[in-house]
Amino acid sequence: MDFATVIQILDSAVRLMTPLLLACLAGLYSERAGVFDIGLEGKMLMAAFTSASVAYATGSAWLGLLAGIAGAAAMAGLHGLASISFRGNQLISGVAINFLASGLTVLLGQKIFGLGGRTPSLSGAARFGEITLPFADSLRPVPVIGPVYAELISGHTILVYIAFAMVPLTWWVLYRTRFGLRLRAVGENPASVDTAGVSVTRLRFAAVMICGVLCGLAGAYLATGISAGFVKEMTAGRGFIALAALIFAKWRPWSALFATFLFGLMEAVANRFPNLDLGVVTVPSMFMNALPYILTVIILAGFVGRAIPPRAGGEPYVKER
Amino acid sequence: DPALIFDLGGKFDKSFNEAAYNGAERWKAETGGTYKELEMQSEAQREQALRRLAQSGANPIVMTGFAFGEVLAKIAPDYPDTKFVIIDMVVEQPNVQSVVFTEEQGSYLAGVAAALASKSGTVGFIGGMDIPLIHKFECGYAQGFKATRPDGKLIINYTGTTPAAWNDPVKGGELLKAQVSQGADVVYAAAGGTGIGVLQAAADAGVLSIGVDSNQNHLHPGQVLTSMVKGVDVSVYEAFKAGTEVEPGVRVMDLASGGVSLAMDDNNKPLISDEIATAVDAAAQAIESGGIKVHDYMTDNTCPVQ
Amino acid sequence: MERMPKWADVILTPLISLVLAFGISALVILAIGEDPVEALKVMVQGALGSSYGWGFTLYYTTNFIFTGLAVMVAYHAGLFNIGGEGQAALGGLGVALVVLALPWPHWAFALPAAAVGAALFGALWALIPAWLQARRGSHIVITTIMFNFIAAALLNYVLVNLLRPVGSMDPASARFPAAAHLPKLSDMALGLGFEWGRNTPANVTFFVAIAACLLVWLLIWHTRPGYEIRAFGKSEQAALYAGISPVRITVLAMLVSGALAGLMAINNVMGEAERLMLNAVEGAGFIGIAVALMGRNHPFGVFLAALLFGFLYQGGGELALWTSIPRELIVVIQALVILFTGALDNMVRMPLERLFTALRRKGA
Amino acid sequence: MTAAPAPAIELRGISKAFGPVQANKDIDLVVRRGTIHGIIGENGAGKSTLMSILYGFYRPDTGEIQIGGQPVAIADSQAAIRAGIGMVFQHFKLVQNFTVLENVILGAEDGGLLHPSLARARGTLKRLAAEYGLQVDPDALVEELSVGHQQRVEILKALYRQADILILDEPTGVLTPAEADHLFRILRGLKDEGKTIILITHKLREIMEITDNVSVMRRGEMVASVKTAETSPTELAKLMVGRKVLLRVEKPPARPGAPVLEVRGLRMVDAEGVERLRGIDLEIRAGEILGIAGVAGNGQTQLLEILGGFPEAGAKLQGEIRLNGRPLPLHGPEADGRARRRAGIGHVPEDRQAEGLIMDFTAWENTAFGYHHAPEFQRGPLMDNAAIRADAMAKIERFDIRPPDPDLTARNFSGGNQQKIVVAREVERNPDLLLIGQPTRGVDIGAIEFIHKRILALRDAGKAVLLVSVELDEIMALSDRIAVMFDGRVMGERPAEGATTGDLGCLMAGVDPALTPPEAAIPPAAAPATDAGGGAG
Ligand SMILES: Nc1ncnc2c1ncn2[C@@H]1O[C@H](COP(=O)(O)OP(=O)(O)OP(=O)(O)O)[C@@H](O)[C@H]1O
Ligand SMILES: Nc1ncnc2c1ncn2[C@@H]1O[C@H](COP(=O)(O)OP(=O)(O)OP(=O)(O)O)[C@@H](O)[C@H]1O
Ligand SMILES: [Mg+2]
Ligand SMILES: [Mg+2]
């Protein structure tokens with residue numbers, strides 16, 4: 001494998017990891033605040049749909065992005081209502097949201113566009129274009145650094161850079177701000193926050209809504225960044241991979257970056273080498289396609305078997321029985 | 001009235017269900033007639049839908065997709081006065097017309113066109129779900145390509161192994177980029193909704209793509225080399241037009257009968273050089289005359305070229 | 001003192017939740033410009049208006065009983081099994097292997113053998129996540145989700161490369177021999193001298209499903225393993241105190257759960273399709289979640305909820321067939337039912353509790 | 001202390017219901033400024049609820065609160081904090097994996113960023129530590145602190161928020177006598193500063209020792225408020241339960257028989273690699289009660305769990321246990337709770353709600369818990385639910401469990417009755433050896449009396465009893481012999497006859513008075529450094 005190939009695979013990995021990273025950080029906020037979320041998939045899907053629809057209608061990717069955020073936030077609000085206000089089962093609420101998004105997107109899409117749940121293809125300003133960073137072209141000839149900068153670092157859509165910037169930002173928010181301290185506390189022991197005179201409900205809602213916003217970014221990236229329009233079920237299980245990455249990262253921002261990169265890389269490699277020829281046997285493409293799921297299971301079983309989730313996670317906060 | 005039943009993929013799958021729909025609509029527009037249409041919602045409903053339509057007096061009843069084969073074989077004898085048309089599958093019953101397409105032939109031509117349009121000598125194929133039907137496209141394409149450019153390189157990818165593979169434009173786009181980075185400059189997509197992502201990414205990357213089933217040249221004018229069109233619309237149109245007089249038996253929609261073809265229109269005119277046009281025509285004639293035998297993957301699950 | 005009478009908890013709450021879910025569904029139908037009353041009529045007529053409709057409704061019901069019971073058993077052990085889909089898919093593989101492997105003389109022999117095959121494969125597919133949870137602490141929700149994806153890939157591989165007859169386009173196994181076809185309920189009715197549900201897929205498996213309800217009820221409330229499953233599900237620490245092994249119970253509960261999900265395959269694969277196809281499960285594994293929730297994790301409730309979802313499925317199918325409402329409407333209704341009966345349960349329960357407390361105060 | 005013109009706190013007509021449970025009924029309470037005010041009452045009398053209302057944690061259904069003569073609306077804890085109220089809850093409200101500093105500033109940060117708050121808090125903490133003797137390492141993780149130190153963090157939290165009124169809910173339940181003494185010194189110091197303190201406790205001795213006034217609650221009502229100097233323990237006890245109670249147990253002398261339990265060199269290293277038991281040797285004979293005293297977290301829990309067959313996951317065990325002369329395995333499937341029951345060991349666990357009961361099971365299901373394999377509960381392959389119910393009814397009657405409804409879920413019984421269910425289940429099996437941990441923790445005086453009698457009856461029937469309790473009074477009243485555990489070892493053993501609190505207290509603090517001159521025996525704040533496991537708090 002030559003250097004150029006490596007760069008291209010890494011480049012592909014960066015694109016593929018972006019929705020995973022955004023969704024993973026989304027889940028991080030929610031779960032760190034004690035609200036488990038297996039509805040990342042549904043929120044992304046809803047965001048992909050609303051962003052593509054609005055981007056198509058207005059011709060503006062940015063308005064699409066806002067709509068994507070609104071779509072995912074609506075789903076997040078529902079999750080918050082169920083699991084915070086009404087102390088419902090968070091896993092069940094997540095399952096319901098996945099179904100709701102999967103049904104509603106097609107139902108509404110069919111009603112609006114009549115294309116069987118697809119939106120019309122987006123073009124021009126209705127999509128986020130690739131950004132060429134300064135000096136990318138002049139640096140390109142420089143060995144090693146040139147290709148790395150010009151191919152790998154430059155030339156992604158703005159949402160990719162936002163996603164990467166979210167990592168240090170999340171770390172800073174979590175560990176350096178009052179909000180972060182309270183957020184972590186409410187996920188560990190909500191009573192401690194409550195007795196300190198801070199509203200558990202409001203904190204958790206804030207976290208869940210941030211989760212919605214980030215899922216909105218992820219969905220908008222899928223529909224208006226990396227591709228050009230919405231296709232039904234287009235998230236194709238990415239929400240679940242993001243969830244696996246979150247556990248793999250033990251609910252930590254920098255580890256989330258690493259975990260989603262690993263999964264993105266895995267997919268990029270499988271794309272590049274669909275039938276892995278190992279000399280003796282050729283690994284069938286079906287296996288390669290299932291590889292991320294298999295690896296997730298292996299990783300979960302092997303390395304993070306003892307990953308400790310936030311202690312109050314999954315449990316509604318009940319003050320009066 | 002005639003009736004049309006769509007398979008699980010749904011009416012707007014950008015594939016043959018949609019083509020069938022277009023055929024029916026054309027008939028409707030031309031004759032002013034009406035027809036019944038149904039979309040499948042689960043496997044168990046196939047029989048239900050067929051029987052209900054037959055009982056309601058619809059005639060002929062056209063259905064898209066090989067998955068109806070088993071059920072149709074079972075129920076056709078119960079309604080001897082009703083004519084059935086099944087697309088993409090052979091069912092041997094006195095009141096059934098089976099329409100099958102020689103996708104391998106159309107794909108062969110696509111392979112020839114790709115071989116000549118490619119500057120790098122490397123072309124790609126991106127399939128949707130990894131099932132034999134799609135391998136049939138792949139194999140025909142590979143034969144046409146290798147026959148034209150024996151030293152050329154062909155890169156093959158499938159999106160996945162679950163039905164989600166038909167609806168993952170993101171992955172389609174990534175696969176295209178991966179193929180481009182390996183040198184491919186013409187890519188044939190037989191992948192349903194995923195294909196839309198392939199064509200889009202190809203347009204973005206400035207390489208050529210080849211559409212499938214319906215004419216997709218218009219999606220990115222000047223950037224889609226051509227489309228391998230199946231005349232599903234034609235067969236539905238003709239079945240509707242024939243009405244109760246539909247002729248039973250197997251109807252092979254091949255190159256010769258115009259059942260499969262490469263789409264040539266204003267959108268891709270600039271891309272089709274004389275050389276390509278000539279070579280494609282020659283290959284088409286050879287196939288029609290039997291000079292070239294294109295192997296059908298599904299007869300033995302193997303492909304003579306790799 | 002309980003806050004409200006048991007009947008209110010068991011019947012009133014889910015009923016109100018259901019009404020809410022349907023109310024919102026009606027709004028959704030209005031929003032896409034259709035008439036909910038008309039839609040309901042089509043659904044009721046199509047699903048319950050004839051023995052023909054019933055034949056389909058009961059067929060779907062049978063599927064959902066199995067997956068509902070599967071979710072329920074795991075739930076009692078405090079485990080959330082979202083892997084019913086994959087387990088049922090593998091159950092289908094078990095059925096196909098058993099039925100195709102031997103020349104069965106009569107369905108009465110084939111059925112038990114196929115049931116064993118289905119249960120075994122489903123159970124094995126649940127065993128790995130169970131073991132990983134019990135021994136390695138990997139979260140069963142995540143692993144069962146992953147196993148759904150892996151099952152789909154595995155089944156695809158097996159069907160395309162191993163089980164598919166050469167020359168067949170369909171990624172499906174060969175047809176099952178006629179001797180292994182299960183009697184349909186319509187045939188049984190004819191045997192009894194009346195015509196009922198001709199050409200519908202409901203078959204003898206329906207009775208197997210009812211038997212499964214009974215057996216699960218016995219297991220959970222009348223046997224020691226059931227007692228231990230419930231105890232473990234309520235409090236892992238207390239279970240340890242009582243000498244109940246978490247590993248054993250986790251594995252046991254998931255084996256039973258997986259086996260039940262796998263058993264669904266004798267209905268859809270052996271009873272209906274009579275061959276193994278890709279995606280034969282069609283989401284029944286997920287519907288099992290809604291069924292178990294609606295059914296308050298009791299076999300009788302599961303039976304009723306499965307009937308409800310059977311109705312929804314058949315009625316919704318009719319809706320998609322005869323009106324222009326897309327079939328995704330059912331997915332939305334299903335989501336709303338899960339949401340209201342599962343996650344928003346307290347929204348209904350809390351005001352009801354307050355109501356009953358107030359009533360009692362007044363009465364006292 | 002002279003009373004200030006307006007009382008620090010005045011509550012009028014406070015009522016609060018949790019669903020059908022009327023936790024507080026029309027309560028009036030006056031607390032004078034600069035005093036220590038005790039509140040006593042049986043379990044579930046409503047003490048914690050009342051204080052939680054004062055702290056804004058719960059909202060009252062009706063009633064009025066005045067602070068310093070001014071009516072205030074306490075809508076949430078923020079409002080209470082602003083009104084100068086601080087509270088140390090019965091169950092600490094700390095974030096386990098935060099540092100002390102982070103816990104202290106949580107909710108009282110100075111601004112959006114953490115650093116300035118942390119810096120200021122560090123200074124304040126240092127000052128408070130010096131002023132009141134409240135030393136804790138500000139950078140230690142709370143989960144690594146002993147219970148006593150965690151409590152200090154709670155007090156520091158309140159003081160950091162400049163609380164004038166400090167509420168402590170059962171603060172001494174988890175402390176050694178020495179730690180409790182230290183706490184009381186702190187409280188007196190705070191009182192001298194002019195702060196007002198409300199102290200909830202079950203221990204009449206503490207009430208008599210430190211409070212100025214005392215209020216008594218019973219079944220959600222305030223039944224009396226008196227000056228401590230003008231009352232007596234017996235009168236208070238009578239007010240609490242509404243009748244006269246025996247505070248001492250009548251106990252015939254023991255007649256020990258053959259050894260039932262022999263423990264030799266028992267060692268245990270937990271999953272984190274901490275050695276919890278460092279070689280325990282014990283012997284209990286038939287017809288005798290061995291009491292194990294010690295501060296929570298010194299290995300008693302582990303000892304009980306190992307004997308009962310459920311050591312914590314990942315623990316490594318070593319040593320020998322014999323029951324009636326036969327060795328019991330430490331590992332493998334034959335070492336679980338079920339096997340131990342079969343061998344004749346009954347076990348009332350320390351934490352009845354988390355271990356002894358399935359809170360969502362009915363009472364009758366719970367009476368078979370752990371014994372659900374017993375042959376008399378089976379009918380063929382099925383369980384004989386009718387037989388279990390009949391057995392449960394009998395137990396309910398004999399133990400006077402109220403309400404006498406076997407179909408009620410355990411959750412809906414009061415704490416004392418829950419404990420009775422567990423005790424009934426274990427004692428009625430007539431085990432050769434009864435392990436019983438904290439038999440009366442959180443149980444009111446009436447039920448204590450009953451449970452104590454049952455334990456003695458078992459002893460007098462010739463059975464062996466291993467009693468673990470953090471209540472020294474209880475140990476001294478019930479045991480025939482007393483062993484004191486400290487840091488995973490048995491520090492010493494004394495016959496119950498003639499044992500003194502001072503002597504046992506020394507042993508509990510890790511000092512053997514037989515080896516040390518008596519003056520230096522009690523260190524000021526003796527909390528073992530290693531008890532990270534914490535107590536039941
Ligand atoms: N969480 C709860 N939910 C519903 N009812 C409860 C709850 N807790 C207690 N109760 C009911 O309230 C009543 C009083 O309980 P409480 O714990 O106050 O009793 P108690 O006075 O402490 O009795 P004991 O001395 O036996 O502990 C009980 O009869 C019980 O049925
Ligand atoms: N959050 C709650 N929800 C419902 N019921 C409660 C709640 N907290 C307390 N109760 C009930 O209210 C009553 C009073 O409880 P409270 O905790 O105030 O008693 P207490 O006097 O502090 O008892 P203890 O001595 O055991 O601490 C009890 O019956 C209890 O079960
Ligand atoms: Mg109580
Ligand atoms: Mg209390």
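Start by selecting chains A and D together: in this predicted model, 23 residues of chain A are in contact with 29 residues of chain D. Putting these two chains together buries about 2,200 Å², with carbon and sulfur atoms giving 58% of that area.

Next, look for charges across this A/D interface. The rule finds three salt bridges there. To see one of them, pick D:Glu109 and A:Arg182, whose closest N and O atoms sit 2.6 Å apart. If you draw polar contacts as well, expect seven residue pairs between chain A and chain D, counting pairs with both residues at pLDDT 80 or more.

Now colour the chain A side by element. Helix H7 (158–176), helix H8 (178–188) and helix H9 (190–195) of chain A are the elements that give two or more residues to the side touching chain D. Of these, H8(A) has the largest share, six residues. Switch to colouring by class and this side of chain A shows nine nonpolar, five polar and nine charged residues.

Hide chain D and bring up chain C. Which chains share the most contacts among the five pairs in contact? That would be chains A and C. Here 42 residues come from chain A and 46 residues from chain C, and the buried area is about 3,800 Å², 80% of it from carbon and sulfur atoms.

How many salt bridges does the rule find across the interface of chain A and chain C? Just one turns up: select C:Glu328 and A:Lys232, with their closest N and O atoms 3.9 Å apart. For polar contacts, the count between chain A and chain C is three residue pairs, again with both residues at pLDDT 80 or more.

Stay on chain A and highlight helix H3 (61–85), helix H4 (90–113), helix H11 (238–248) and helix H13 (285–302), each of which supplies at least two residues to the side touching chain C. H4(A) gives the most, with 14 residues. Colour by class once more, and the side of chain A that touches chain C divides into 26 nonpolar, eleven polar and five charged residues.

For a pair that isn't an interface, show chains B and D. They do not touch, and their nearest C-alpha atoms are 39 Å apart.

Keep chain B on screen and go hunting for sulfur. Over all chains, the structure holds one disulfide, and you'll find it between B:Cys139 and B:Cys303, at 2.1 Å from S to S. Check the torsion about that S-S bond: it is about 95 degrees, so the disulfide is right-handed. B:Cys139 lies in helix H5 (residues 132–148) of chain B, while B:Cys303 is in the segment after helix H10 (297–300) of chain B, so the bond ties together parts 164 residues apart in sequence. Are these two cysteines buried or exposed? B:Cys139 counts as buried at 0% relative accessibility, and B:Cys303 counts as buried too, at 17%.

Last stop: select A:Cys24. Why does its sulfur make no bond with the closest cysteine sulfur? That closest sulfur belongs to A:Cys215 and is 10 Å away, too far for a bond. A:Cys24 counts as buried, with 0% relative accessibility. Now centre on A:Cys215 itself, which is in no disulfide; the nearest cysteine sulfur, that of A:Cys211, is 4.4 Å away. At 0% relative accessibility, A:Cys215 is another residue that counts as buried.

Terms used: Residues are numbered from 1 along each chain as its sequence is written. Chains are lettered from A and ligands numbered from 1 in the order in which they are written. This is a predicted model: local features need pLDDT of at least 70, side-chain atom pairs count only at pLDDT 80 or more; totals for chains, interfaces and linings use all residues. Side-chain values use heavy atoms; hydrogens and water are left out. Contact means heavy atoms within 4.5 Å. A disulfide is a pair of cysteine sulfur atoms within 2.5 Å. Helices (H or I, at least four residues) and strands (E, at least two) are DSSP runs, numbered from the N terminus. Buried means under 20% relative accessible area, exposed over 50%, partly exposed in between (1.4 Å probe, protein chains only). Buried area is the accessible area (1.4 Å probe) that two parts lose on being put together, summed over both. A salt bridge is a side-chain nitrogen of Lys or Arg within 4 Å of a carboxyl oxygen of Asp or Glu. A polar contact is a pair of N or O atoms within 3.5 Å; within protein, one must be able to donate a hydrogen and the other to accept it, and residues adjacent in sequence count only if both atoms are side-chain atoms. Ala, Val, Leu, Ile, Met, Phe, Trp, Tyr, Cys and Pro count as nonpolar, Asp, Glu, Lys and Arg as charged, and the others, Gly among them, as polar.
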